[in-house]
Structures are given as structure tokens and as C-alpha cells.
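Let's talk through some labels and ask what each one rests on. Have a look at the structure first, and then we can take the questions in turn.

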Amino acid sequence: MESFSAFFILVVCISSVSGDTSSDDGRGNMNVFQKELLVQMKKLSNAQENISRSVDNYDLFRAMSDKIDNLEEENKKLKRGLEILMNNTILEKKRTESNTEKLNALHSFMSSFNIDAMRNISDLEAMIRDNKETLNDIQVSTNGIQIAMSGNISLMDKFRVSHGNILNEVSNSLRDLEITTKTYERFGNDSFAKLEMELNVLSGSLKKLNESSFRFFPKDCQDIQKTFPVSKNGVYRIYPYDSEAANAYCDMTNGGWTVFQRRQNGKTNFYRGWNEYKSGFGSPGDEYWLGNSYIHSLTINRNCTLRIDLTNWDNISRYATYTDFRIENEADNYRLRIGSYSGNAGHYSLSYHNNQEFTTKDRDNDKSSSRHCAVLYTGAWWYNACHHSNLNGDYSVRNDKGVRWWSYPSSDFMKTTTMKLKCT
């Protein structure tokens with residue numbers, strides 16, 4: 001730009017000098033020259049501006065080119081990283097597929113194992129429950145014996161000598177059983193064989209204990225009360241004649257009563273069939289029926305008294321007792337036998353049923369020719385045709401189907417009932 005300016009000044013000076021010394025023709029030619037020179041100078045100026053802009057664009061281009069080079073380098077790095085990531089992903093996928101196959105195989109194995117294990121565990125739990133129930137029964141009996149025989153040192157010594165080893169064996173077997181059960185849960189089938197062996201040992205010990213100690217156990221609650229007068233009310237193990245052992249609730253007031261029926265809250269359903277009434281049901285500590293076979297064994301060939309304690313929904317309590325109480329065997333459908341009455345609850349409610357056979361919803365032995373009394377009155381009883389008492393009726397209602405004692409001096413629907421016996 002500086003050279004161009006100097007050139008322009010030089011041209012102007014030449015033009016001035018020429019204007020002063022030349023002729024008119026010379027001046028004319030000079031003017032043409034000057035104009036041409038000015039045009040060229042303008043073109044040169046435009047070219048200079050274009051060159052300047054080109055230089056700026058070139059610098060911008062170089063900067064952009066550098067950035068592109070940097071981006072391409074970063075892109076190469078990203079591609080290399082992506083290739084590494086893809087390779088790692090492929091390897092990880094292969095490992096995952098391999099692990100998935102192993103996991104599926106393991107899952108298949110565990111499913112098969114769990115089916116067998118759950119079946120074995122279910123059987124095992126049933127066996128454990130049965131044995132624990134038996135142990136609980138023996139514990140109840142043992143407690144009763146320890147109480148009942150504490151006043152007879154000689155007899156108690158015989159019991160301890162005969163059964164001390166067996167009781168220890170049962171205790172040790174139960175402890176080993178619990179340990180083995182935990183081992184089975186950790187290690188599986190290998191321990192199951194040992195567990196079965198332990199159960200067999202335990203069952204054998206229990207069998208020995210039951211068979212060898214039967215004669216030492218009381219036949220009813222009165223036996224316990226006679227041997228140990230300070231016995232408290234509660235559940236005891238008894239051994240009636242010609243029957244298996246049973247848990248019974250003992251009312252230890254006034255000589256030891258064996259309770260065979262209790263109703264107090266409606267938790268237990270008493271609308272049941274013949275076999276359940278034969279063998280018994282419910283919980284002796286709450287509501288239950290001891291079982292007709294046991295009641296027969298307790299009363300046969302003995303002089304027994306029946307006492308029935310009643311409380312109605314007005315909380316008025318009364319009682320009825322009957323001498324010469326017994327029920328016959330199953331061949332005679334557990335027929336009811338009672339003698340003379342005493343008490344304040346009214347005698348006819350049960351006297352009406354004297355000499356009647358026992359009836360359940362699936363065994364109609366009542367005297368009615370047109371009705372099935374147990375079904376009609378949702379109970380089980382020594383129905384005549386049909387009833388003046390229905391102590392095994394529906395606890396939830398207060399009508400003829402409910403727990404009723406007709407000859408009660410006030411409201412004859414019962415809130416609690418207890419039937420118990422004592423024999424001499």
C-alpha cells in the first residue's frame with residue numbers, strides 16, 4: 001500500500017509538470033493517460049482489498065484446517081477406543097452366554113433337587129410333628145407321674161430305674177434329631193439318611209417307653225388326685241382301660257374329675273361325624289370332646305358319677321349330677337345310662353335322653369321316624385325324638401339348634417358347659 005501511494009503521488013506530480021510545459025495536444029494525451037492511470041489505480045486498490053480479504057480468509061482457513069486435523073485425530077482415538085470396547089463387549093457377551101448356560105443348568109438341577117428336597121422335607125416335618133406330639137404327650141404323662149407318685153417313693157424309684165435310661169435316650173435322640181435337621185438344611189440328601197436313622201431310633205425309644213411304662217400311668221384324673229392331693233387343674237395324660245392314652249382336662253377340685261366335654265367360646269366346631277365323636281376332637285385346654293371310646297372305657301364296670309356345670313348367657317350358673325353314669329360300647333352305639341339326679345339345673349333335660357343311643361349327622365340312631373335329629377339340630381347327642389338338651393349344638397345360635405338345657409330355671413341357652421365324671 002505504501003508503494004502504491006508513492007506511485008500515485010509521483011503520477012500527480014508528473015501530471016502537474018506536464019500541464020505547465022506541454023502543448024494542448026500534449027495536455028490532451030496526458031489527461032487520457034491520467035484517466036487510464038486512475039482506472040488502473042482503482043483496479044489496483046480493489047485488487048489490494050481482495051488480496052487483504054484473501055489473506056484473512058486464508059488465516060481463517062488455516063485455523064479451520066488445524067481444527068479439522070485435531071478433530072480427525074480425536075476421531076481416530078475414538079475409533080480405537082470403540083474397537084477396544086467392542087472387542088471387550090464381545091468377550092463379555094461370550095462369558096455371559098457361558099455363565100447363562102451354567103446358570104440354567106444349575107437352575108434345572110436345583111429345581112429337580114428342590115422338588116425331591118421339598119417332598120422329603122415335607123415328610124420329615126410330618127414325622128417330626130408326630131414325634132414331637134408324642135414327646136409332648138409323654139412329657140405331660142411324665143409330669144403327671146412325677147406329681148402323682150411323689151408320695152410313693154418305692155413306686156417312683158421303680159419308675160426311675162425302669163425308664164431313666166429310656167428317657168435319656170429319647171432326650172438325646174431329639175437333640176441329635178434337631179442337629180441333624182439343621183445339617184440336612186445345609187448339605188441336603190446326604191444328611192437325610194442319617195436323619196431317618198435318628199427318627200427310627202427315636203420312634204423305637206418312644207415305643208419302648210410307652211410299652212414298658214403303661215402300668216405306671218394313671219387311668220383317670222382321680223388316680224392322679226388320690227396319689228397327689230395338691231395337683232392343680234390342667235391337662236394330663238391318662239390311660240383308660242382297653243384304650244390308647246389320651247390327653248384330658250382334669251378338674252382337681254373335690255376328688256379329681258375327668259372332663260370329657262367343654263364349651264366356652266365357640267372356637268371348636270361340634271357338628272361332626274361318628275368317627276370324630278368316637279376318637280375325640282378339639283383341645284383339652286380349651287373346647288373339646290374326649291371321645292366316646294374313652295368315655296366307655298372309663299365308665300364300664302365302674303360306679304361313676306356324672307356332673308354337668310352350666311352357665312347361661314345371663315351368667316347364671318347351675319349344675320346337675322347323675323349317679324350310675326356310663327355309656328355302652330360301640331356295638332350298642334354308645335348308649336347313655338344314668339341314675340338318680342341331684343342339683344339345681346333341672347333333671348329332665350338329660351333324663352329324657354336316658355337309655356338312648358348316640359346319634360351324629362352321619363349315623364342316625366334317634367327315636368324319630370320322620371326326622372334325623374342330629375342334622376335337624378346341628379349337633380350330636382343321645383337324641384330321643386328329638387331333644388330336651390343339646391349341649392353339642394351350634395354355639396352361634398340361640399334356638400333349638402343351639403347349646404340348650406330345657407329345664408334350666410331361667411334362659412335355657414348356654415354360654416359355657418362342662419361334662420365330667422368321677423368313678424369309684
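Q: What makes the contact between Glu 328 and Arg 326 a salt bridge?
A: Happy to start there, with the reminder that this is a predicted model. The closest N and O atoms of Glu 328 and Arg 326 are 3.1 Å apart. A salt bridge asks for a side-chain nitrogen of Lys or Arg within 4 Å of a carboxyl oxygen of Asp or Glu, so the pair qualifies. As background, side chains of opposite charge can pair when their charged atoms come close.

Q: Is Glu 328 buried or exposed, and how do you know?
A: Glu 328 has a relative accessible area of 14%. Buried means under 20%, so Glu 328 is buried.

Q: Why is Arg 326 called partly exposed?
A: Its partner Arg 326 has 31% relative accessibility. Partly exposed covers the range between 20% and 50%, and therefore Arg 326 gets that label.

Q: What makes Arg 335 and Glu 357 a salt bridge, and where do the two residues lie?
A: Their closest N and O atoms are 2.9 Å apart, and the limit is 4 Å, so this is a salt bridge. The pair links distant parts of the chain, 22 residues apart. Arg 335 sits in the loop between β8 (326-327) and β9 (336-337), while Glu 357 sits in the loop between α8 (348-351) and α9 (373-376). Both residues are buried.

Q: How do you know whether Asp 412 and Arg 404 are buried or exposed?
A: Asp 412 has a relative accessible area of 13%, and Arg 404 has 14%. Buried means under 20%, so both carry that label. Their side chains meet in a salt bridge, at 3.1 Å from N to O. Elsewhere, salt bridges that share partners join Asp 251, Arg 307, Asp 309 and Lys 420 into one network.

Q: How many salt bridges does this rule give?
A: The count comes to 13 salt bridges.

Q: Why can Met 86 belong to a surface patch?
A: Met 86, in helix α2 (residues 24-148), has a relative accessible area of 44%. Patch members need over 30%, so Met 86 passes that cut-off. Leu 82, Leu 85 and Met 86 form a nonpolar patch, with about 300 Å² of accessible area together.

Q: What makes Glu 73 accessible enough for a patch of negative charge?
A: Glu 73, also placed in helix α2, has 37% relative accessibility. The cut-off is over 30%, so Glu 73 meets it. Asp 66, Asp 69, Glu 72, Glu 73 and Glu 74 gather in this patch on the surface.

Note on methods:
Residues numbered from 1 in each chain as written. Predicted model: local features only at pLDDT ≥ 70, side-chain atom pairs only at ≥ 80, totals over all residues. Heavy atoms only, no water. Patch = residues over 30% accessible without salt bridge, like charges linked within 9 Å, V, L, I, M, F, W, Y side chains within 5 Å. Areas by Shrake-Rupley, 256 points an atom, 1.4 Å probe, with all protein chains shown as cover. Helix = DSSP H or I, 4+ residues; strand = E, 2+ residues; numbered from the N terminus. Buried < 20%, exposed > 50% of the residue type's maximum accessible area, 1.4 Å probe, protein only. Lys, Arg positive; Asp, Glu negative; His and termini not counted. Charge placed at Lys NZ, Arg CZ, Asp CG, Glu CD.
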